[in-house]
Amino acid sequence: WEFNGSFYQPSAFLMMGIPGLEALHPWISIPFCALYLSALLGNCVILFIVRRTPSLHEPMYYFLCMLALTDLGLALCTLPTTLGLFWFGARRIGFDACLTQMYFIHILSFIESSVLLAMAFDRFMAISHPLRHPAILTRSTVLKIGLAIVLRGMLSLLPIPFLLKRLTYCGRTELSHSFCFHPDIMNLACADIKVNVFYGMIILLSTVGTDFIFIVLSYILILRTVVSLTTREECLKALNTCVSHICAVLVFFIPMIGLSMIHRFGKNVPPLVNTLVAYTYLIIPPALNPVIYSIKSTHIREALLRALCRKRG
């Protein structure tokens, strides 16, 4: 503990694995290793395929590369502490290291939300305004959108570590997960956390909440356009280009909303449920997104097969 008058700050926090199953952590680490391996390899393959295939140098695949980079970042943020805890029982994480991990986890989550919104806008333009799509979403425009997404995430969350550092902590130092999460750290403080709660809620609603609303509006407009198409084949073809993105949106937003609700209102929720939802939110999307896009995107699947054939040849 660091002591300065009436101000207390722990030198470290203790992370929690899966409550009640501590003896099985080495075995539980096996599926986690598989998920992390899938996330790392799958997203690297997506980046490699898009980079090496000129026909995929389009806005849709540029945004997919942004999603893959974000998923790689999320996987790498939680991998050391999660596997360190499961393999070696390394529960201790320094206070500043915890705040740093928390900052990057939240930044990458916000970036992923914004990238999914950008992908929804791309699908809306491609289906509803196909002739204007290439002129509006040029390579430079996509780059500017990517920079704006990163800056929004970094600046909006910049005060969070400082708001946590000003708090007085006492008593408990045990986190609910094998990674650092803002509501989790905040609830360990014995000071007034109204500012943290208010700022966190405002930022969440104005970023992720707004992104989700605009994604829903984009698909309402897409459906209006699809319904107006003359033939059933055209309707199915247009909708088929959105299936991968819809799956990615559901895989990301459902666990995120669930975890946010649990942290704010689920005081009586069993710890095991809280833990499983948190792991689903941070590990499943990075592992599943490359699989979803590889299965549903004909262009990526064909490019991957060509790359494999060239290596065999």
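Contact here means heavy atoms within 4.5 Å. With that in mind, a good place to enter this predicted model is T275, a residue of helix α11, which spans residues 271–296. Apart from neighbours within four places in sequence, T275 is in contact with G17, I18, P19, S176 and H177. The relative accessible area of T275 is 2%, so this residue counts as buried.

From this single residue, the view can widen to the chain. An unreviewed UniProt entry carries the annotation "transmembrane region" for residues 24–49, 61–90, 102–121, 142–164, 197–222, 243–264 and 276–295. Two of these spans serve as examples. Residues 61–90 are 93% helix and 0% strand, and the C-alpha atoms at the two ends lie 39 Å apart. For residues 197–222 the figures are 100% helix and 0% strand, with 36 Å between the end C-alpha atoms.

Helix packing can be followed in one pair. Two packed helices are described by the angle between their axes and the distance between the axes. The axes of α3 and α5, the latter covering residues 139–157, come within 9 Å and cross at roughly 145°. The crossing of α3 past α5 is right-handed. On the α3 side, the contact is made by Y103, H106, I107, F110, I111, S114, V115 and A118, and these meet I145, I149, V150, R152, G153, M154, S156 and L157 of α5. Sorted by character, the residues of this contact comprise eleven nonpolar, four polar and one charged.

The cysteines add another layer to the picture. A disulfide is a covalent bond between the sulfur atoms of two cysteines, and the structure holds two disulfides. One of them joins C98 and C180, whose sulfur atoms are 1.9 Å apart. This disulfide ties together distant parts of the chain, for C98 sits in helix α3 (residues 95–128) while C180 belongs to the loop between α6 (159–165) and α7 (182–186), a separation of 82 residues. The link of C98 and C180 is left-handed, with -120° about the S-S bond. C98 has 0% relative accessibility and therefore counts as buried; C180, with a relative accessible area of 0%, is buried as well.

The other disulfide is formed by C170 and C190, with sulfur atoms 2.3 Å apart. Here too the linked parts of the chain are distant: C170 lies in the loop between α6 and α7, and C190 in the loop between α7 and α8 (194–227), 20 residues apart. C170 has a relative accessible area of 34% and so is partly exposed. C190 is also partly exposed, at 42%. When bonded cysteines are counted along the chain, the disulfides follow the pattern 1-3, 2-4.

Two further cysteines, C33 and C77, invite a closer look. Why is the sulfur of C33 not bonded to that of C44? The sulfur in C44 is the closest cysteine sulfur to that of C33, yet the two are 17 Å apart, too far for a bond, because a disulfide needs the sulfur atoms to be within 2.5 Å. C33 is partly exposed, with a relative accessible area of 24%. For C77, the closest cysteine sulfur is in C180, at 11 Å, which is likewise too far for a bond. C77 has a relative accessible area of 18% and is therefore buried, since buried means under 20%.

Notes
Residues numbered from 1 in each chain as written. Predicted model: local features only at pLDDT ≥ 70, side-chain atom pairs only at ≥ 80, totals over all residues. Heavy atoms only, no water. UniProt positions renumbered as here; feature names shortened; annotations may be inferred. Helix = DSSP H or I, 4+ residues; strand = E, 2+ residues; numbered from the N terminus. Buried < 20%, exposed > 50% of the residue type's maximum accessible area, 1.4 Å probe, protein only. Axes fitted to C-alpha atoms, helices over the stretch in contact; angles between N-to-C directions. Left-handed = near helix turned anticlockwise from the far one by under 90°. Nonpolar A, V, L, I, M, F, W, Y, C, P; charged D, E, K, R; others polar.
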